[in-house]
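Subject: A structure to look through

Hello,

I am passing a structure on to you, together with some notes to read beside it. Please open it first and then follow along below.

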Amino acid sequence: PICSGSTANFSIATSYTGALTYTWTGPNTFTSNLAAPQIPNAQPNASGIYTVIISPGSCPVTRTVALAVNPTPTVTPSNNGPVCQNTALNLSVVAVPGGTPQYIWTGPGGYTANIQNPVIAPAQPSNTGVYSITVVNSFTNGGTCTAGNSMTVGVVPVDQVVTTPQFTLCQGDNLQLTAQNITPPTAYAWSGPNTFTSSLQNPLIPNVQPVHAGDYIVTASFAVQGIS
């Protein structure tokens, strides 16, 4: 058996030393008058019985040979990245039909997996990198066809937002709220007492009053569109 995309090579062994003529026929209206014809880029529909008539003088001899062309797997990996640190990174590949496929994943830090759609959880920045998938598909006719592909996956680190507290203020003072600057560019969302909200990284509340006392919460978030 050969894999699709390969070249099918036919040949004839004979001890006859005289002049010979060859007439090959086969699937898909295949014909040839060569002693050793070829089918380049053979596809599964080329599978079947091929017949050659060998004519040494007036004594033709007919022989047949079976050709099996197994499909080479199409490997199309995908992932849900880039993902944020501590979330699940899903690796997947389209199922390979026919035969008995074996899926072999490799990735950063010596990562390996032998299932079709592995999950890395919780994902860390060290999981960023190139993941390769190899599919080895075995067939009942003894043939094995292999193909592979790769993709780049990103895991974005999530930094801890550090705030600077001011525990005690006097009425009329200014309250300065601060949050650590995070890269990549980040959106900040503050909320607090007296329906306080702000989208600034470091908002200022002037002339604070007792109604401003309480807990202030900041959420930092960023949208990742891609990774290079």
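As you will see, the protein chain has 22 strands and zero helices. Please keep in mind that this is a predicted model.

**Overall form**

Let me begin with the chain as a whole. Taken along the principal axes, the box filled by its C-alpha atoms is roughly 120 × 25 × 25 Å. The radius of gyration tells a similar story: the protein chain has 34 Å, whereas a compact globule of 228 residues would have a value near 17 Å. Of those 228 residues, 32% count as buried. The accessible surface comes to about 13200 Å², and carbon and sulfur atoms hold 54% of that surface. Among the contacts with a separation of 6 or more, 58% are between residues 24 or more positions apart.

**The second largest pocket**

Next, a pocket to look at. The second largest pocket has a volume of about 270 Å³. It is lined by 19 residues, and S11, I12, W24, V52 and R63 are the closest to its centre. Three elements give two or more residues each to this lining: strand 2 (8-9), strand 6 (48-55) and strand 7 (61-67). Which strand gives the most to the lining? That is strand 7, with six residues. As for the character of the lining, 14 of its residues are nonpolar, four are polar and one is charged.

**Backbone features**

Some backbone details are worth finding on your screen. In general, most peptide bonds are trans, and most residues other than glycine have a negative phi. Here are the places that depart from this pattern.

- G81 and P82 are joined by a cis peptide bond, with omega at about -5 degrees. P82 sits in the loop between strand 9 (77-79) and strand 10 (83-84).
- A121 and P122 are also joined by a cis peptide bond, with omega at about -5 degrees. P122 belongs to the loop between strand 14 and strand 15.
- T29 is not a glycine, yet its phi is positive, at about 60 degrees. T29 is part of the loop between strand 3 (21-26) and strand 4 (30-32). Its relative accessible area is 73%, so T29 is exposed.
- N194 is not a glycine either, and its phi is positive at about 60 degrees. You will find N194 in the loop between strand 19 (187-192) and strand 20 (196-198). N194 counts as partly exposed because its relative accessible area is 48%, which falls between the cut-offs of 20% and 50%.

**N127 and the loop it shares with P122**

The loop that holds P122 deserves another look. N127 lies in the loop between strand 14 (119-120) and strand 15 (129-138). Is N127 buried or exposed? Its relative accessibility is 15%, so N127 counts as buried; the cut-off for buried is under 20%. Leaving out residues up to four places away in sequence, N127 touches P108, I120, P122, V153 and V155. P122, from the cis bond with A121, is thus one of the residues that N127 touches.

**Y111**

Y111 is in strand 13 (residues 111-113). With 18% relative accessibility, Y111 counts as buried. Not counting residues up to four places away in sequence, Y111 touches L91, W105, T106, P118, I120 and Y131. I120 is among the residues touched by Y111, and I120 is also among those touched by N127. To get a feel for distances in the model, try Y111 and D173: they are 62 residues apart along the chain, and their C-alpha atoms are separated by 55 Å.

**S150**

My last stop is S150, found in strand 16 (residues 144-153). How exposed is S150, and what is its relative accessible area? S150 is partly exposed, at 39%. Apart from neighbours within four places in sequence, S150 is in contact with P77, V130, Y131 and S132. Y131 appears in this list and in the list for Y111. What separates the C-alpha atoms of S150 and I133? The separation is 6.1 Å, and the two residues are 17 residues apart along the chain.

I hope you enjoy looking around.

Best wishes

Terms used:
Residues numbered from 1 in each chain as written. Predicted model: local features only at pLDDT ≥ 70, side-chain atom pairs only at ≥ 80, totals over all residues. Heavy atoms only, no water. 1 Å grid on protein atoms, 1.4 Å probe; cavity = no way out; pocket = protein on both sides within 12 Å on 5 of 7 lines; lining within 4 Å. Points joined across faces, edges and corners; volume = space filled by probe spheres on them. Helix = DSSP H or I, 4+ residues; strand = E, 2+ residues; numbered from the N terminus. Nonpolar A, V, L, I, M, F, W, Y, C, P; charged D, E, K, R; others polar. Rg over C-alpha atoms; globule rule 2.2 N^0.38 Å. Buried < 20%, exposed > 50% of the residue type's maximum accessible area, 1.4 Å probe, protein only. Contact = heavy atoms within 4.5 Å. Areas by Shrake-Rupley, 256 points an atom, 1.4 Å probe, with all protein chains shown as cover.
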